[in-house]
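Could you walk me through this protein in my viewer, one selection at a time? I would like to know what to click on next and what I will find there.

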Amino acid sequence: LVYARTGGVTVISQAELHFSLTLDNSVYTANLMPPIDPDFSIPRLTARLSLRNTTDRPVPLEFLTGQRFDLELRDEHGIVVYRWSEGRAFTLALSQESFGPGEKDYVVVAPLADKQGRALAPGKYTAVGWLTTSGPRAYSASVGLEIRHVY
């Protein structure tokens with residue numbers, strides 16, 4: 001048996017290196033009924049980026065800056081409407097990490113709002129998360145979501 005899922009528990013008996021992106025929901029609703037309170041009207045997405053190494057050898061990870069991960073939300077046309085790293089500063093230092101065996105998680109909480117603080121338009125979106133290792137994106141995942149409005 002290589003893989004089993006029983007009662008909400010996943011058992012993987014074969015060694016693997018795995019990267020995933022999970023969201024706390026698949027549908028988010030912006031409550032735009034007056035009076036609109038941005039603290040409660042704009043939904044928040046919680047994303048978890050997970051790197052899991054169950055092999056018997058550590059995996060080398062090389063980073064060009066202090067940033068370790070990033071997350072984007074793209075609309076149905078592929079336009080980036082949110083990027084977690086935008087407006088943040090990171091050290092400019094090359095570093096290497098040896099990871100595993102084990103699991104490393106990064107959590108991002110993102111308001112589903114534009115730069116002016118208004119709810120993103122209703123529609124289908126894609127969340128894309130990745131580790132910011134040097135070279136091509138070796139650790140990347142995406143998942144779909146939908147935003148709805150209630151008036």
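## First stop: a histidine in a strand

Begin by selecting His149, which sits in strand 12. Keep in mind as you look around that this is a predicted model. Is His149 buried or exposed? With a relative accessible area of 19%, His149 falls under the 20% cut-off and therefore counts as buried.

Now show the polar contacts around this side chain. A polar atom of the His149 side chain lies 2.7 Å from the backbone oxygen of Leu120. The His149 side chain also makes a polar contact with the side chain of Tyr151, at 3.0 Å.

## Step back to the whole chain

Zoom out and colour by secondary structure. You should see 1 helix and 12 strands. Read from the N terminus, the order of elements is β-β-β-β-α-β-β-β-β-β-β-β-β. The C-alpha trace spans about 55 × 45 × 25 Å along its principal axes. Of the 151 residues in the protein, 35% are buried.

## The sheet of 5 strands

Next, select strands 4, 7, 8, 11 and 12. They make up an open sheet with the order 4-12-11-7-8 and mixed pairing. Its edges are strand 4 (27-31) and strand 8 (80-83), each of which pairs on one side only. On average, neighbouring strands in this sheet are turned by 25° against each other, direction ignored.

Work your way across the sheet, pair by pair:

- Strand 11 (residues 123-131) and strand 12 (residues 140-150) are antiparallel, paired over 8 bridges. Select Trp130 and you will find Ser140 of strand 12 opposite.
- Strand 7 and strand 11 also run antiparallel, joined by 7 bridges. Here Phe69 has Leu131 in strand 11 as its bridge partner.
- Strand 7 and strand 8 pair in the antiparallel sense over 3 bridges. Leu73 is matched with Tyr82 in strand 8.

Stay with that last pair and look at the turn. Strand 7 and strand 8 form a hairpin with 4 residues between them, and Gly78 in the turn has a positive phi of about 85°.

Why is strand 7 (residues 69-75) described as largely enclosed by the rest of the structure? Because 6 of its 7 residues are buried.

At the edge of the sheet, pick Tyr28, which belongs to strand 4. Tyr28 counts as buried, with a relative accessibility of 3%. Add Pro43 to the selection: the two residues are 15 apart in sequence, and their C-alpha atoms are 6.2 Å apart in space.

## The sheet of 3 strands

Now select strands 3, 5 and 10. These form an open sheet in the order 3-5-10, with antiparallel pairing. Strand 3 (17-23) and strand 10 are the edge strands, each pairing on one side only. Neighbouring strands here are turned by 15° against each other on average, direction ignored.

Focus on strand 5 (residues 44-53) and strand 10, which run antiparallel and are joined by 10 bridges. Within this pair, Arg52 stands opposite Glu103 in strand 10.

## Two cis peptide bonds

Switch to a stick view of the backbone for two proline stops. The peptide bond from Pro34 to Pro35 is cis, with omega near -5°. Pro35 is in the loop between strand 4 and helix 1.

For the other one, go to Gly100 and Pro101: the peptide bond between them is cis, with omega near -5°. Pro101 is in the loop that runs between strand 9 (95-99) and strand 10 (102-111).

## Last stop: the largest pocket

Finish by turning on a surface. The largest pocket has a volume of about 240 Å³. To find it, select Tyr82, Pro111, Ala113, Asp114 and Lys115, which lie nearest its centre among the 14 lining residues.

Which elements give two or more residues to this lining? They are helix 1 (38-41) and strand 8. Strand 8 contributes the largest share, with 4 residues. Tyr82, one of the residues nearest the pocket centre, is also the bridge partner of Leu73 that you met in the hairpin.

Colour the lining by residue type as a closing view: the residues divide into 7 nonpolar, 1 polar and 6 charged.

Notes:
Residues numbered from 1 in each chain as written. Predicted model: local features only at pLDDT ≥ 70, side-chain atom pairs only at ≥ 80, totals over all residues. Heavy atoms only, no water. Pairing = 2+ DSSP bridges. Axes fitted to C-alpha atoms, helices over the stretch in contact; angles between N-to-C directions. 1 Å grid on protein atoms, 1.4 Å probe; cavity = no way out; pocket = protein on both sides within 12 Å on 5 of 7 lines; lining within 4 Å. Points joined across faces, edges and corners; volume = space filled by probe spheres on them. Nonpolar A, V, L, I, M, F, W, Y, C, P; charged D, E, K, R; others polar. Buried < 20%, exposed > 50% of the residue type's maximum accessible area, 1.4 Å probe, protein only. Polar contact = N/O pair within 3.5 Å; in protein donor to acceptor, adjacent residues only side chain to side chain.
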